[in-house]
Amino acid sequence: MAGKSGRSLSAEAVLGALRGSTRLIRWGFAALVLLYLGAGITRVGPQESALVLRFGKLQPQVHPPGLLFAWPPPVDEVIRVPTRRALEARLDRWGAPAAEPATTTNTPTMHPVRDGYTLTGDANIIHLRATARYQITDPVAAVFTAQPREALLDAVLYQALTRVLAGTNVDAALTTGRDAARQEAQRQAQAALDRLGLGLQLAGLEFRELLPARPVVPAFQDVISAQVEARTLTQQAESYRAETLPVAQA
């Protein structure tokens, strides 16, 4: 009887231990499920929108800034898009080459492959560095229409600048027609972006550097100085005429 009682107590102890282990496993599994679901909570920044891919398929809703719940990977993938931030594209491919040290045996030159430049409508060389500011207005189009987005934007901007400068002579491009060329290039680039459906809006196009070919910069500066001096002398002569003529008539 004592042996049977001992075996019964041992069996009850084993069953009790198994029940305790089952509860621990159940609670551990519940904690793992909660951790897995919590991994799907994503914070969308104040300057962002978010898109959700579910098993690789784009969901129709564009999520605004704030907390976003999505299924953790591999079910969902969250793509953040900077829709509320001003972005920049720097166009430095046509920039002026670095100046070489002046000596008595060399003159400023340009390397046709290494040095960046473009041509105006009258076949003159100019150097240009520009910056385009833009914003993403359609995150779906910007992410999924065509990639890489930055390379396509650069191509569109360079194409617009090439067309505008090819229809402008060098004097106008460097002086009085500079703003008109910049505005027309921005207009043409925006029209091309709209046709391509890239979901981008240009906010501005700035010419950071617009110079004649480096070997002729001193001569160009001499011409500009002469023009400024001529305008100054003309204004002085007109002022002298306006002061002297009434005295002579009196």
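1. A good place to start is the pairing of β2 with strand β3 (residues 57-58): the two run antiparallel, joined by 2 bridges. Within this pairing, Arg-54 sits opposite Lys-57 of β3. Keep in mind that the whole thing is a predicted model.

2. Have a look at the turn, too. The hairpin of β2 and β3 has 2 residues between the strands, and Phe-55 there adopts a positive phi near 55°.

3. β2 also has another partner. With strand β5 (residues 76-81) it forms an antiparallel pairing over 6 bridges, and Ser-49 has Val-81 of β5 as its bridge partner. Strand β2 itself (residues 49-54) is mostly covered, with 5 of its 6 residues buried.

4. Next, on to strand β8 (residues 125-136), where you'll find Thr-131. Is Thr-131 buried or exposed? Its relative accessible area is 3%, which is under the 20% cut-off, so Thr-131 counts as buried.

5. What does the side chain of Thr-131 make a polar contact with? The partner is the side chain of Arg-208, at 2.8 Å. Leaving aside residues up to four places away in sequence, Thr-131 touches Glu-88, Ala-89 and Arg-90, plus Gly-204, Leu-205, Glu-206 and Arg-208.

6. Finally, helix α3 (residues 149-166). Its 18 residues, at 1.5 Å a residue, should span 26 Å, and the end C-alpha atoms are indeed 26 Å apart, so the two agree.

7. As for which parts of α3 are covered, the buried residues are Arg-149, Leu-153, Val-156, Leu-157, Tyr-158, Ala-160, Leu-161, Val-164 and Leu-165. When reading that list, remember that an α-helix has 3.6 residues a turn, so residues three or four places apart point the same way.

Note on methods: Residues are numbered from 1 along each chain as its sequence is written. This is a predicted model: local features need pLDDT of at least 70, side-chain atom pairs count only at pLDDT 80 or more; totals for chains, interfaces and linings use all residues. Side-chain values use heavy atoms; hydrogens and water are left out. Helices (H or I, at least four residues) and strands (E, at least two) are DSSP runs, numbered from the N terminus. The expected span of a helix is 1.5 Å times one less than its number of residues. Buried means under 20% relative accessible area, exposed over 50%, partly exposed in between (1.4 Å probe, protein chains only). A polar contact is a pair of N or O atoms within 3.5 Å; within protein, one must be able to donate a hydrogen and the other to accept it, and residues adjacent in sequence count only if both atoms are side-chain atoms. Contact means heavy atoms within 4.5 Å. Two strands pair if DSSP finds at least two bridges between them.
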